[in-house]
Amino acid sequence: MAASPLPPPDPQFVLRGTQSAVHALHFFGGAQGQGRPLLLSGSLSGLVHIWSLQTRRAVATLDGHGGKCVTWLQTLPQGHLLLSQGRDLKLRLWDLAEGRNAIVDSVPVESMGFCRSSVLARGPERWMLAMPGGGSDEVQILEMPSKTSVCTLKPEADAKPGMPMCLELWQADSSPRPLLLAGYEDGSVALWDVSERKVCSRVACHPEPVMGFDFDSQKARGVSGSAEKALAVWSLDEQQALQVCRTHELTNPGIADVKIRPDRKILATAGWDHRVRVFHWWTMKPLAVLSFHSATIHSVAFATDGLLAAGSGDQRISIWSLYPIRSDASTPSLGHAEGREVGTQALA
Amino acid sequence: MDPVQSAVALTVREALHTLSSSEDGGHLLSTLGALKRYLSGAENPALPGEQEEFARMHFSAVLRCLVGRLSPGWLELLPNGQLEDLWASFFLEGPADQAFLVLMESIEGAAGPSFRLMKMAQLLARFLSAGRMAAVMEGQCRQLTEPAFRLLQETLLIKVVGLPDHLGNRLQRENLEAFLPQNYFPLLGEEIMRVLQAVVDSLRGGWDCSVSFLSQVLGKACVHGRQKEILGVLVPRLTALTQGSCLWQRVCWRLVECVPDRATEALLTGLVEAASGPDVLSRLLGNLVLKSKKAQFVMTRKILFLQYRYSTPMLQSLLGYLAMDSQRRPLLRQALKELLETWGSPSAIRHAPLPQQRYISSALLICLAHLQDAELRDSQDELLASLMAGVKTRLDSSLPAVRRLGMIVAGVASARIHPDGPPLRFQYEEDELSRELLALAAPPPVADSPSEAEASPAAETPDRGSVDSGVPQAQPEGSGSDLDSDDELVPYDMSGDQELKSGKAPAYVRDCVEALTSSEDWERWEAALRALEGLIVRSPAAAREVSVELAKVLLHLEEKTSVVGFEGLRQRALVAVVVTDPAPVLTLAAQELSRPGRLPPQCGSPSPTSQPSSTQAPAWRAVVQERIRSKTRRFSQRSPGRGPDAGPNEFNLVAGYFFFPLIRHFDRPLVTFDLLGEDQLVLGRLVHTLGALMYLAVNTTVAVAMGKALLEFVWTLRFHGDAYVRRGLLSAVSSVLISVPAERLLADLPDELLEARPWLADVAEQDPDEDCRVLAVKALLLLEKLRDTLVPLSSP
């Protein structure tokens, strides 16, 4: 065993130039076999920057939210469609193919909150969008790209979970029914069966609002962070009942975002204490505390090749390379590679 | 007359006549052959009675005659060196003591380098290498009763031990290897061993023997400072022989008992040094300490209290020896009592050099390790009383090393002496000294084989370490492998993951002042303290507006919550304020120091765990001065030998602001400090500060006035009892000599310098504190240098 621990790591490089706080990050590409992926960042000033990780410069800037904060960025697995959600109550669809950057569609968002939306791609031309709804505690489900409202998920009258704070649409391998995980203002996480429009299970994870979570559908386990001083790990059993497995105490309160790396080895949290914390996903053993930023970190994101990005209120984006993913995961079509790896793990 | 006597006498007289006159080789040969019949072991020997008579009465005369005839021509009277062999055989085969005496006598009597002298020296070397010295000594062991031999014994003793000296004196550069002390004394050791063997053999055979001559030889050799050489041979052999043999042990005990009193100390210290452990010492010495007053004095007083050059293993041997026998244990208890008294005695603490204090502390801890709880309990009250008095005195000392020893020893001793009560516990950083001392306090290992005895103290620690770590080691390994069975994700260092507190930090200096004075919000208070230095440096103008107020607040700041690094934060903030706005803040600081009852109480009382906070003031002064110095522009880099650079000293503007208010009130007892009384630590800091200020005031106009004031100040305190204060005074004198220009020193301060000189010389010679002596020598050197610079000034 090593006598002394490794010194705390430094960022691999830092992206500067957003000129306002960074609120959303998303890695894009890399799966198309074009080498290193691009990084998208959404800023407080309403701009979306597209960064090349090769030249480490912004290759394009998208201005579509009227100077209002961009809170969420997502690309669809196929094609070059980008979704950006802004506090101007608009969700924009961008076409990024062949260097274009035009708004192709726009969806009105009815909630003034900070809740980030979620998509579930069910086919190349058929995908589902979950976003905060008009009522303060509602979640709206849209069928895209037709923008037809499928349903509105409204908690029962006596539940009073408060506003939804974060959403995740997913689908179990075994069943075609889409499911929605939603973190609420009262600190609870609920699992919705979208087609039946009812809450399957709900568990109180935090005494404070849930600020961000991520869910590992392979292991049926999720982790959430809130304004309080702890992370909660919860799991879903066969009866689709949520239960809290454990909580992990932190040094400082406030987690803005949680992401699990695609290979499901580690997870990263964005802390209000200016630090990114890295944990072993399965054991929740703390692995590293990345202190570089000088303001609240709003967002963290993992690339498929394992690169970690953190965007902070200090207008900088730090890129970290920790615990490299083993070689078999770096094959171009990552979806399959992932499946394989998980498969071998399941066998083991 | 007895016919035998007269017959022998006649033969000898004729032979002597022939020897002294004849030049005929054949005749000489036959004469010598006839004489040789009287030597024991010769072919065709004479009657035993005749041999005895010859040995007793005539042997020396024959030898002297032989020596007298010795010359190159004489030896060549017969071919092939026949005559020389025969001649030499008389010395080597005859009674050894007489042969030895004649040899020595003839060597000493030789006028200068000559053929005869060299021949005799070579013969003596052969005599030694033939092992005849054992015969000399053995002869003395057998002669038990005859008082007439006293004188002879005395002479022999002097010659045996003094042989290297005599030979060295005589032969000068021609001296032979065998006579060099480093060769001779090991040989003497070997010979003593042979004699001892013979003594033991004859005791076994039922004959009486005396070892007193051997004891005298041994003692005298030790007195001559040859313990290492002679005991280096004897001790290992005796160690082996005494193991399991009572007879050898008794002979050995007798050997050390018979050593004359004046040699006891030399022998015992040599033995303690050479013995490999307490049990060896115990076998060699027996209960000597109980039988001999002198030995007791050496072992329990002299080695422990009056000297301190011995190594820790020696102390362990010695005290272990005292502990090994129930009859000797009272001595150990007594030693502990006295050690503890000395350890805590204010006078000893003040006057004993530090190495001695360390030595006494080691001895104290070793004693404690050897004594059992029951034995300690008997005199618990007494021991505890002197321990507590000692701890108090030590913690009051202004020398860190003395305080440290106090803490280390008191921690261990209180736990041993008073096991029921809570032990005294102190916070001190572990270092080599503390580890070494604490290791001594561990109970001594029970060694069952003597060869282990020496190695065991050293071997014990790693042994125990591995045994102890054996159990917990498995645990982290197990749990670690459990955790990382999935993959090997090695955590990074996460020690920097502290709680974040910057949220409430004020953004302006004024806000800080407000937060520090009136805030009840402790997080804000702490954040203000942390932010202060940065804010002051960033906006000096804003800081200047509130500088005095801020300095006052900081000086009186109390540590209300346990903020990590409170002292450092406050100090850095104060330094920043002083640098930003020196004059008013310095004046304020000096006033605050001398104003009664204003400083918080913790400033006055030295605590054992940390430096009192009042010492911060001088410390931050030093930092200020360092900064000012670094900002002083230097126009040229001169070679270091030529005195300080003559650049403008910016310190000029502010030097006096702190210095004069500080020096003014030292002799008035204030509510907070009684500088001339109990608060000597504060006085010490004050003196050091003044010295530092003086040093930094070089090339300022105010330096002369400062120097005058400082010398007067030093003069009144020069016999202060505290070493720390004296060090400060001495360095202050040096500062004055460095900082005040030479001409001005002579013009304005001649009397003070004249007075200082004898005082410095006195300190340099007699001060018990080593640092003081060194500092005084330095100051004297500066005075010398000053005179040297003045002489060329006045001469042209």
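Which residue in S8(A) does Gly86(A) stand opposite? Select both strands of that hairpin and the answer appears: Gly86(A) stands opposite Lys90(A) in S8(A).

This is a predicted model, in which local features need pLDDT of at least 70 and side-chain atom pairs count only at pLDDT 80 or more, while totals for chains, interfaces and linings use all residues. Residues are numbered from 1 along each chain as its sequence is written, chains are lettered from A and ligands numbered from 1 in the order in which they are written, and side-chain values use heavy atoms, with hydrogens and water left out.

**Stop 1: the hairpin of chain A**

Stay with S7(A), residues 81–86, where 5 of the 6 residues are buried; buried means under 20% relative accessible area, exposed over 50% and partly exposed in between, with a 1.4 Å probe and protein chains only. Strands here are DSSP runs (E, at least two residues) and helices are runs of H or I with at least four residues, numbered from the N terminus. On one side, strand S6 (residues 70–75) of chain A is joined to S7(A) by 5 bridges in the antiparallel sense, and Val70(A) has Gly86(A) as its bridge partner. S7(A) also pairs with strand S8 (residues 90–95) of chain A, again antiparallel, over 6 bridges; two strands count as paired if DSSP finds at least two bridges between them. Between S7(A) and S8(A) the hairpin has 3 residues, and there Leu89(A) takes a positive phi near 65°.

**Stop 2: two open sheets of chain A**

Select S2, S3, S4 and S5 of chain A, which form an open sheet of 4 strands in that order with antiparallel pairing. Strand S2 (22–28) and strand S5 (57–63) stand at the edges with a single partner strand each, so one side of each is left without a neighbour in the sheet. Neighbouring strands of this sheet are turned by 20° against each other on average, direction ignored, where axes are lines fitted to C-alpha atoms (for helices over the stretch in contact) and angles run from 0 to 180 degrees between N-to-C directions. Within the sheet, strand S4 (residues 47–52) and S5(A) pair over 6 antiparallel bridges, and Leu47(A) has Asp63(A) as its bridge partner in S5(A).

Next, take the open sheet ordered S10-S11-S12-S13 in chain A, whose 4 strands pair antiparallel. Its edge strands are S10 (118–123) and S13 (148–153), each pairing on one side only. Strand S12 (residues 139–144) is joined to S13(A) by 5 antiparallel bridges, and Leu142(A) finds its bridge partner in Ser149(A).

**Stop 3: backbone exceptions in chain A**

Most residues other than glycine have a negative phi, and most peptide bonds are trans. In the loop between S12 and S13 of chain A you will find Pro145(A), and the peptide bond leading to it from Met144(A) is cis, with omega near 0°. Move to the loop between strand S22 (255–260) and strand S23 (266–271) for Arg264(A), which is not a glycine yet has a positive phi of about 60°; Arg264(A) is buried, with a relative accessible area of 15%. Tyr323(A) lies in the loop between strand S28 (316–320) and helix H1 (334–347) of chain A, and its phi is near 45°, a positive value in a residue other than glycine. Tyr323(A) is also buried, at a relative accessible area of 10%.

**Stop 4: an annotated span**

An unreviewed UniProt entry places the feature "repeat: WD" at residues 77–104, 203–244 and 290–322 of chain A; such positions are given in the numbering used here, feature names are shortened, and annotations may be inferred rather than shown by experiment. Select residues 290–322 of chain A: the end C-alpha atoms lie 10 Å apart, and the span is 0% helix and 55% strand.

**Stop 5: chain B and its cores**

Chain B has 40 helices and 0 strands, and buried residues make up 49% of its 796 residues. The largest nonpolar core has 150 residues, and those with the most contacts inside it include Phe100(B), Leu124(B) and Leu196(B); such a core is a set of buried Ala, Val, Leu, Ile, Met, Phe, Trp, Tyr and Cys residues joined through side-chain atoms within 4.5 Å. Its largest share, 9 residues, comes from helix H10 (residues 181–204) of chain B. A second, separate core of 81 residues includes Val563(B) and Leu760(B).
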